[in-house]
Number of protein chains: 4
Amino acid sequence: MIILMKKSATEAEIQAVIDKIRKAGNEPHVDKGISTLIGVRGDTTRLEENEFMLEGVDQVKRVSSKYKEVSREFHQQNSKIKVGDVTVGGGKPVIMAGPCAVETREQLLESARGVKAAGAQILRGGAFKPRTSPYAFQGLGEEGLKFLAETRKEVKIPIVTEIMNIGQMDLFAKYDIDCYQVGARNMQNFDMLKELGKIKKAVLLKRGPSATIEEFLLSAEYIMSFGNPRVILCERGIRTFETAYRNVLDLTAVALVKNLSHLPIIADPSHATGVKKLIPPMSRASLAAGADGLLIEAHINPKTALCDASQQLTIKEFQDLMGQLKDLM
Amino acid sequence: MIILMKKSATEAEIQAVIDKIRKAGNEPHVDKGISTLIGVRGDTTRLEENEFMLEGVDQVKRVSSKYKEVSREFHQQNSKIKVGDVTVGGGKPVIMAGPCAVETREQLLESARGVKAAGAQILRGGAFKPRTSPYAFQGLGEEGLKFLAETRKEVKIPIVTEIMNIGQMDLFAKYDIDCYQVGARNMQNFDMLKELGKIKKAVLLKRGPSATIEEFLLSAEYIMSFGNPRVILCERGIRTFETAYRNVLDLTAVALVKNLSHLPIIADPSHATGVKKLIPPMSRASLAAGADGLLIEAHINPKTALCDASQQLTIKEFQDLMGQLKDLM
Amino acid sequence: MIILMKKSATEAEIQAVIDKIRKAGNEPHVDKGISTLIGVRGDTTRLEENEFMLEGVDQVKRVSSKYKEVSREFHQQNSKIKVGDVTVGGGKPVIMAGPCAVETREQLLESARGVKAAGAQILRGGAFKPRTSPYAFQGLGEEGLKFLAETRKEVKIPIVTEIMNIGQMDLFAKYDIDCYQVGARNMQNFDMLKELGKIKKAVLLKRGPSATIEEFLLSAEYIMSFGNPRVILCERGIRTFETAYRNVLDLTAVALVKNLSHLPIIADPSHATGVKKLIPPMSRASLAAGADGLLIEAHINPKTALCDASQQLTIKEFQDLMGQLKDLM
Amino acid sequence: MIILMKKSATEAEIQAVIDKIRKAGNEPHVDKGISTLIGVRGDTTRLEENEFMLEGVDQVKRVSSKYKEVSREFHQQNSKIKVGDVTVGGGKPVIMAGPCAVETREQLLESARGVKAAGAQILRGGAFKPRTSPYAFQGLGEEGLKFLAETRKEVKIPIVTEIMNIGQMDLFAKYDIDCYQVGARNMQNFDMLKELGKIKKAVLLKRGPSATIEEFLLSAEYIMSFGNPRVILCERGIRTFETAYRNVLDLTAVALVKNLSHLPIIADPSHATGVKKLIPPMSRASLAAGADGLLIEAHINPKTALCDASQQLTIKEFQDLMGQLKDLM
């Protein structure tokens, strides 16, 4: 339920609405724009719209979507999410780059320096790697987190890395990870989403390869409804019949999410395409469609990479890419 | 790597091969059929085929698929998996039935009696429910497990129920759950699969709605490679463009999996179709395609069900269904 | 619009309704079951329900689906379609078999004798072949039709073969083809569907690989609304992300179509799977799901076949298949 | 087969290769870039590579893709296709706009003036409309073509309109249509593609909603191999599980086709999304991905439109869109 105040509403009138919401056992969410809008959190099914038509109230309306806190009806301005000292969703696209997996201290450090120099603002790198086969490289684990934290300090760049299960929450806290990435396969790992709703760090939530927009936003709603509004969405390609590239980057989803939600959304052309030469055009297309940033894989020596060798750019190629994006940033 | 012994091979020759495998730091998997076949577990990339051409050996070959222990090349006979005292994969189809969610002690007990009387051999019922929306009924939790254990004792029927995260492993052990169900959304929750590889209970692994057969079998391989061979696969429908039913039950997958793997595979026409009237024909089709069993939702009063009301059969409808399946069982 | 007469309605009352329909510029479709049901063809948007509440009328209702003549609401009994002297939809499944393409007179003749002896009732064989590549074998053309007609005479078996464009209508008439097959790629070749609505022969309409059930039935509606009720539907697999087999045979579609429409529907496991060993289980599953027949590719020497070599059964394999289907026919 | 001449090759040497190709019963396709490249048309399976290693020849290689004339290996420079006096594929994106269907002479004329004034270079409008339902508006037919031809003359703008079957070829010739559009449902209407291979007009070939890139390019190969190189490709969205918009505009396909083929490719965000507000961001994204143009539906009064009312822009909205695209053109 959303309560829209008149432009002329006084502070006292606003406070009266807030008090009434609390008395009903719900929580208010106040969004001050041109006129104040007060979202009602918690179970609203037993509330009557007309009970809230107090002085200064213009309209009371039900949220039409299944999600609430995630919805732009509920919160009209774009949300700005802090990752370290970088703002995602603030208007200017943010580039997150780095290797698919953290392999060695040197590899990470050199990659971080390279991508930062080229213009990346956030460093990515996986310490825990979800792999389809049990026989594939599963990541360095805690050591990877340590290298990430050390590199952050040396290169002065915030870090984003993937969390695979609730049991890793303590480790992520120990290394003070700036942004917790939820992989596509975990988009509906609801128990983990609930835990991520209790932290005070940014969460990068990737869309599952066959998740609908509604399911995607409902997963974000899990995190927000448990108390953490710091959600960054990420479109990373959907699974289709086409086999010429790994997935189809669904930029219509990006454009639609910008309409439906106040949350920032970025795109991941590296994972989506799986093919180097398609990354520059799809990066450009993502920004043109309205994405708030990009997630790009770049490695000091892709040929020796322990995962996704064919889609990782060299540092030089990443620099070129940044040059090609200039007019869209 | 698979070592095929000659029919004439002696026990001593077989033992010599086993010893050589162990010496190389690998583990043997002995499968005695008409002639003995010895699978080699662990990393085999550094082994040479001809080193194993000992006396009595007919052929040494590499497994052609990415999975190994799951493969029929590795283990030729059908695996028979025990759920309580019921055998799945033993030739005769096994019907697992019960409500979508455990709601009350009475509801579960009555449902269990009804489905058992009609011919079901295993009781299903969810204590923990993965729900797309954070605002939907999330299951009774531990209380549900307790009701399941009590019902098992009273009705004398083994139980299968869904596990949603590693943190629930202890609870499942406490109530001695007979079969741990891995939901479609968790098919690639790799850390949980690893833990399920360490228990001595059956695991019912559902195919993700957009998982390929290879990914599905690789997820089973996670469980087997960590030591638990008691895997039952379950086809529950794939996500497509069609909106007239929830999912498309992919029975070609059932037929193909019977070729590629020795593991039993059952079908879930209730979740796949989401529509009552389609359950009987799709149940028949599943058995005709070679499924080793069915997972069917039946409830004492579907209209009041807390989830999936439209696809749960009444006990009477379930009895009718069992009648329609007789010629295929 | 459908007018349901009371059980007690007299012939005169029925005639009065028919007259009124005609006077309104529409055409009646009379379906005599336990009580008579009169469908109203043509534009019914300008008609008022209550104008038709004449003596003897029980109910007047609007058809809820977008299609009308195809709908089971409009015509309750199963339609029985004649192909030569064979009835499709009459309760007992009908097997249509033969080579993918007509190659030589001898190949066709021998194939026809083989499949008929094994129990097939209708001969299939393509004279015009739609091929993805312009460089692939495009069929014998008219010569193929001639061979089909000659074989029909010699072996005494009706024939079904694919029509690719309106320009071939005369040729099909010249050789008096018993059943005109519309390929999956032509399911929405609307101009051709209209022409097929004007003939007095059976039409075998294949579902497009990404057509919804509604689109499929609307294509059948094109044929019926132009005057030809002799439509046999065919499910031949839908396109998905899975690459282990060509398409996913959607048997839920078969089960649903039996509910929504009175038209017979058969399945094509040969084209759907593209893999020989999957044809027997999927043939069984199709019949168990309620299919009114099967379309099977069988060739005297699949290895030399000019198309789809990997999915054509030998005559011996086709005999075995027929044996495996006995309990479901 | 492709024959790459040395940079130093003389005209006589080039001619010798051409002569040899003709003598072998094939046709040469000469492409003069930095060094001359000669494609060999027709059946090349019986030719030996080394027979063509004449004086001045650097390399002889087989084309690796299934298509040939469409391939960038065969013809390296971008093809420029004339539609009337407008060039598509010449570097600067070309906007084609107009109503979904031609409804009246005035509607078309006014729409044409509006879109031309806003910057559109080609007028689109359907005279023959492929409709899923036989009960939907099927287009004005020949009268629509007449209005298009008259409008072209009055407004001085070339026209593109859809051809639905071979029988319409004469009508299209009569009105001298500048560009024949092949709709998505007809992408594999092979007999029509062959006929379009014999004309001297541009063909706008739309990708089927579930066609792979390879199938799409092979359909273009049909047209080219029958003699017409004037093919413009069009990405119009693929069918997926998502229901929040009509189709998913697959811009990765646009980026990949630019790599694989020399043919121009445009995008159709109107049909793909089916939602007005998504057209501007997806138009921008299309151009950023490298599309050579856009196909946009604009109508003088979308509310009264006889088809696709919800996705047609007003002339004013189309002007705004053109403003938003300026930096990408």
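**Exercise 1. Find how much area is buried between chain B and chain D, and which residues of chain B contribute most.**

*Solution.* Start with the total: chain B and chain D bury about 280 Å² between them, with 81% of that area coming from carbon and sulfur atoms. Keep in mind that this is a predicted model. Next, look at the side of chain B. The residues there that lose the most area to chain D are B:R239, B:F241 and B:T243, which together make up 87% of what that side buries. Now sort that side by class: one residue is nonpolar, two are polar and one is charged.

**Exercise 2. Count the residues, salt bridges and polar contacts that link chain B to chain D.**

*Solution.* First the residues: four from chain B meet four from chain D. Then the salt bridges, where the count is zero. Last, the residue pairs in polar contact, with both residues at pLDDT 80 or more: here too the count is zero.

**Exercise 3. Work out the buried area between chain A and chain D, and name the three residues of chain A that supply the most of it.**

*Solution.* Begin with the residues in contact: chain A gives 32 and chain D gives 32. Together the two chains bury about 2,500 Å², and 69% of this lies on carbon and sulfur atoms. Within chain A, look for A:F241, A:Y245 and A:T252; they supply 24% of the area that chain A buries against chain D, more than any other three residues.

**Exercise 4. Describe the salt bridges and polar contacts between chain A and chain D, then the side of chain A that takes part.**

*Solution.* Step one is the salt bridges: there are two between these chains. One of them joins A:R207 to D:E242, whose closest N and O atoms are 3.3 Å apart. Step two is the polar contacts, counted with both residues at pLDDT 80 or more: eight residue pairs qualify. Step three is to find the elements of chain A that give two or more residues to this side, and these are α7 (251–260) and α9 (279–289). Finally, sort the residues of that side by class: 20 are nonpolar, six are polar and six are charged.

**Exercise 5. Locate the domains of chain A and say how far apart their centres lie.**

*Solution.* Follow chain A along its numbering: domain 1 covers 2–61 and domain 2 covers 81–328. Then take the C-alpha centre of each domain; in chain A, the centres of domain 1 and domain 2 lie 37 Å apart.

Conventions. Residues numbered from 1 in each chain as written. Chains lettered and ligands numbered in written order. Predicted model: local features only at pLDDT ≥ 70, side-chain atom pairs only at ≥ 80, totals over all residues. Heavy atoms only, no water. Domains from an automatic or database assignment. Contact = heavy atoms within 4.5 Å. Buried area = accessible area lost by both parts, 1.4 Å probe. Salt bridge = Lys/Arg side-chain N within 4 Å of Asp/Glu carboxyl O. Polar contact = N/O pair within 3.5 Å; in protein donor to acceptor, adjacent residues only side chain to side chain. Helix = DSSP H or I, 4+ residues; strand = E, 2+ residues; numbered from the N terminus. Nonpolar A, V, L, I, M, F, W, Y, C, P; charged D, E, K, R; others polar.
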